[in-house]
Amino acid sequence: MFTADPETMLVKNRYRAIRYLLKGRYETQTFENKDQTIEMLKDAIYLDRRLRLYTEHLEQSLKETLSEDYQVNELGYGL
């Protein structure tokens, strides 16, 4: 996937990348089948962890900025 579309390595595209990877396996997912939904969520979490490990040293300053923004705006911490 990264070779075919290097943009999928960017932080802003992480969920797009996970969606792409899940789409082939769960093309007809309707979320009515509880067991299949749970399996899809397990796969999504696994893929998120793998993508984070693979891209952990990319866009470091952006990741720090996003983290700080989240802490200030969402959690109410003052930096």
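In the predicted model, Thr-8 is located in the segment that precedes helix 1. Its relative accessibility is 6%, and Thr-8 is therefore classed as buried. When residues up to four places away in sequence are not counted, Thr-8 touches Met-1, Phe-2, Asn-13, Arg-16 and Ala-17. One of these partners, Asn-13, likewise belongs to the segment before helix 1. Asn-13 has a relative accessible area of 10% and is buried. With residues up to four places away in sequence again not counted, the contacts of Asn-13 are Glu-7 and Thr-8.

The packing of the helices was examined next. Helix 1 spans residues 14-25 and helix 2 spans residues 34-54; their axes come within 10 Å and cross at roughly 135°. Helix 1 is therefore oblique to helix 2. The crossing of the two helices is right-handed. On the side of helix 1, the contact involves Arg-14, Tyr-15, Ala-17, Ile-18, Leu-21, Leu-22 and Arg-25, which meet Met-40, Asp-43, Ala-44, Leu-47, Asp-48, Leu-51 and Arg-52 of helix 2. Of the residues in this contact, nine are nonpolar and five are charged, whereas none is polar.

The largest nonpolar core comprises nine residues, namely Phe-2, Ala-17, Ile-18, Leu-22, Tyr-26, Met-40, Ala-44, Leu-47 and Leu-51. Helix 1 and helix 2 each contribute at least two residues to this core. Its largest share, four residues, is supplied by helix 2. Ala-17, listed among the core residues, is also a contact partner of the buried Thr-8.

Leu-51, a residue of helix 2, appears both in the contact between helix 1 and helix 2 and in the largest nonpolar core. Leu-51 counts as buried because its relative accessibility is 7%, under the 20% limit. Neighbours within four places in sequence being left aside, Leu-51 is in contact with Met-1, Phe-2, Arg-14, Ala-17 and Ile-18. Among these partners, Arg-14, Ala-17 and Ile-18 are listed on the helix 1 side of the contact between the two helices, while Phe-2, Ala-17 and Ile-18 are listed in the core. Leu-51 is also paired in space with Met-9: the two residues are 42 positions apart in sequence, and their C-alpha atoms are 7.7 Å apart.

Tyr-15 provides a contrast in accessibility. This residue lies in helix 1 and takes part in the contact with helix 2, yet Tyr-15 is exposed, with a relative accessible area of 60%. The C-alpha atoms of Tyr-15 and Leu-47 are separated by 9.8 Å, the two residues being 32 residues apart along the chain. Leu-47 itself is listed on the helix 2 side of the contact and in the largest nonpolar core.

Two glutamate residues were considered in the remaining part of the chain. Glu-59 is situated in the loop between helix 2 and helix 3. Although Glu-59 is not a glycine, its phi is positive, at about 55°. The relative accessibility of Glu-59 is 26%, so this residue counts as partly exposed. Glu-68 is placed within helix 3, which covers residues 60-73. Glu-68 is likewise partly exposed, at 41% relative accessibility. Glu-68 and Gly-78 are 10 residues apart in sequence, and the spacing between their C-alpha atoms is 9.3 Å.

Terms used:
Residues numbered from 1 in each chain as written. Predicted model: local features only at pLDDT ≥ 70, side-chain atom pairs only at ≥ 80, totals over all residues. Heavy atoms only, no water. Axes fitted to C-alpha atoms, helices over the stretch in contact; angles between N-to-C directions. Parallel < 35°, antiparallel > 145°, perpendicular 65-115°, else oblique. Left-handed = near helix turned anticlockwise from the far one by under 90°. Contact = heavy atoms within 4.5 Å. Nonpolar A, V, L, I, M, F, W, Y, C, P; charged D, E, K, R; others polar. Core = buried A, V, L, I, M, F, W, Y, C linked by side-chain atoms within 4.5 Å. Buried < 20%, exposed > 50% of the residue type's maximum accessible area, 1.4 Å probe, protein only.
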